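Subject: Structure handover

Hello,

Here is the structure I said I would pass on. My notes on what was found in it follow below.

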Amino acid sequence: MNKTTIHDAYVNYKSEVTRYLSQIVKNQQDAEDLTQECFIRMMNVSADIPEERLLYYLKRIARNLAMDTFRKRTRTLKRDSKLEMQTYHCDTSELEISEGVNDLVSIINNTEHRKILELRVIHGYSIKETAQLINRSEGMIKSSVFHAVNRIRAKVIS
């Protein structure tokens with residue numbers, strides 16, 4: 001677009017674009033800033049826009065800029081609210097935690113499943129290591145842990 005077309009568009013449509021943006025963003029200063037950005041974006045367009053479509057084109061740019069601004073503010077508010085969230089530290093002793101875990105493991109009646117669950121969860125052995133320790137297949141270890149966890153869930157939820 002040439003400079004005279006941009007100048008004429010600015011003179012003719014600035015107030016209408018500002019009014020349009022003011023209705024969207026509900027803030028006159030933001031609307032004026034976005035109007036300036038709208039005309040800057042129009043200057044960077046290489047295609048010629050017919051005069052009868054120019055106002056529509058400007059309003060489309062303005063709407064997109066307003067939406068981008070809303071999205072940016074929402075992201076900023078979410079990020080800031082996460083930063084301001086208070087975190088509470090629980091001074092739960094290791095003994096209390098291990099007692100809780102032992103209580104959950106004691107729900108399991110099958111001694112082999114209980115042993116497997118203790119090795120996997122409490123002692124932190126891998127599936128392969130657990131299988132070697134109790135001389136069972138890895139599939140059997142996975143199955144036992146699965147069934148033991150489901151039994152614990154069923155007991156705790158009910």
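Where do Arg41 and Glu37 lie, and how many residues apart are they? Both are in helix H2, with their positions 4 residues apart, or about one turn of the helix. Their side chains meet in a salt bridge, at 3.4 Å from N to O. Arg41 is partly exposed, with a relative accessible area of 37%, and Glu37 is also partly exposed, at 30%.

Before the rest, please note that this is a predicted model.

Overall layout

The protein has 7 helices and 0 strands. Along the sequence the pattern reads α-α-α-α-α-α-α. Of its 158 residues, 23% are buried. The exposed surface comes to about 11600 Å², and carbon and sulfur atoms supply 51% of that area. Among contacts with a separation of 6 or more, 55% are between residues 24 or more positions apart.

The nonpolar cores

In soluble globular proteins, nonpolar side chains tend to be buried together. Here the largest nonpolar core holds 21 residues. Those with the most contacts inside this core are Tyr13, Val17, Leu21, Cys38, Met42, Leu54 and Leu58. Two or more residues come from each of helix H1 (3–25), helix H2 (28–43) and helix H3 (51–84). The biggest share is from H3, which gives 7 residues. Leu58 shows how the parts meet: neighbours within four places in sequence aside, Leu58 is in contact with Tyr13, Val17, Cys38, Phe39 and Met42. Another core lies apart from this one and has 9 residues, including Val105, Leu117, Ile141 and Ile152.

The aromatic pair

A search of the whole structure turns up 1 aromatic pair. The ring centres of Tyr10 and Phe39 are 5.0 Å apart and the ring planes are at 75°, so the pair counts as edge-to-face. Tyr10 belongs to helix H1 and Phe39 to helix H2, so the pair ties together parts that are 29 residues apart in sequence. The two residues fall into separate burial classes: Tyr10 is partly exposed, with a relative accessible area of 27%, whereas Phe39 is buried, at 4%. The cut-off that matters here is that buried means under 20% relative accessible area.

Salt bridges

The count of salt bridges comes to 5. The Arg41 and Glu37 bridge described above is one made within helix H2. Another joins the side chains of Arg73 and Asp30, at 2.7 Å from N to O. This pair links distant parts of the chain, since Arg73 is in helix H3 and Asp30 is in helix H2, 43 residues apart. Arg73 is partly exposed, with a relative accessible area of 36%.

Arg71 forms a salt bridge with Asp68, and their closest N and O atoms are 3.1 Å apart. Because Arg71 and Asp68 are 3 residues apart in helix H3, about one helical turn separates them. Both ends are partly exposed: Arg71 has a relative accessibility of 45%, and Asp68 has a relative accessible area of 36%.

Glu51

Glu51 is placed in helix H3. What joins the side chains of Glu51 and Tyr13? A polar contact of 3.0 Å does. Tyr13 is also listed among the core residues with the most contacts. Glu51 itself is partly exposed, with a relative accessible area of 45%. Glu51 and Thr5 are 46 residues apart in sequence, while their C-alpha atoms are 8.8 Å apart in space.

Thr130

Thr130 is found in helix H6, which covers residues 127–134. Is Thr130 buried or exposed? At 0% relative accessibility, Thr130 counts as buried. The side chain of Thr130 reaches the backbone oxygen of Ser126 at 2.8 Å. Not counting residues up to four places away in sequence, Thr130 touches Ile116, Leu119, Arg120, Tyr125 and Ile141. Ile141 is one of the residues of the 9-residue core.

Regards

Terms used:
Residues are numbered from 1 along each chain as its sequence is written. This is a predicted model: local features need pLDDT of at least 70, side-chain atom pairs count only at pLDDT 80 or more; totals for chains, interfaces and linings use all residues. Side-chain values use heavy atoms; hydrogens and water are left out. A nonpolar core is a set of buried Ala, Val, Leu, Ile, Met, Phe, Trp, Tyr and Cys residues joined through side-chain atoms within 4.5 Å. Buried means under 20% relative accessible area, exposed over 50%, partly exposed in between (1.4 Å probe, protein chains only). Contact means heavy atoms within 4.5 Å. A polar contact is a pair of N or O atoms within 3.5 Å; within protein, one must be able to donate a hydrogen and the other to accept it, and residues adjacent in sequence count only if both atoms are side-chain atoms. A salt bridge is a side-chain nitrogen of Lys or Arg within 4 Å of a carboxyl oxygen of Asp or Glu. Rings of Phe, Tyr and Trp (its six-membered ring) pair if their centres lie within 6.5 Å; planes under 30 degrees apart count as stacked, over 60 as edge-to-face and the rest as tilted. Accessible areas come from the Shrake-Rupley method with a 1.4 Å probe; for residues, only the protein chains shown count as cover.
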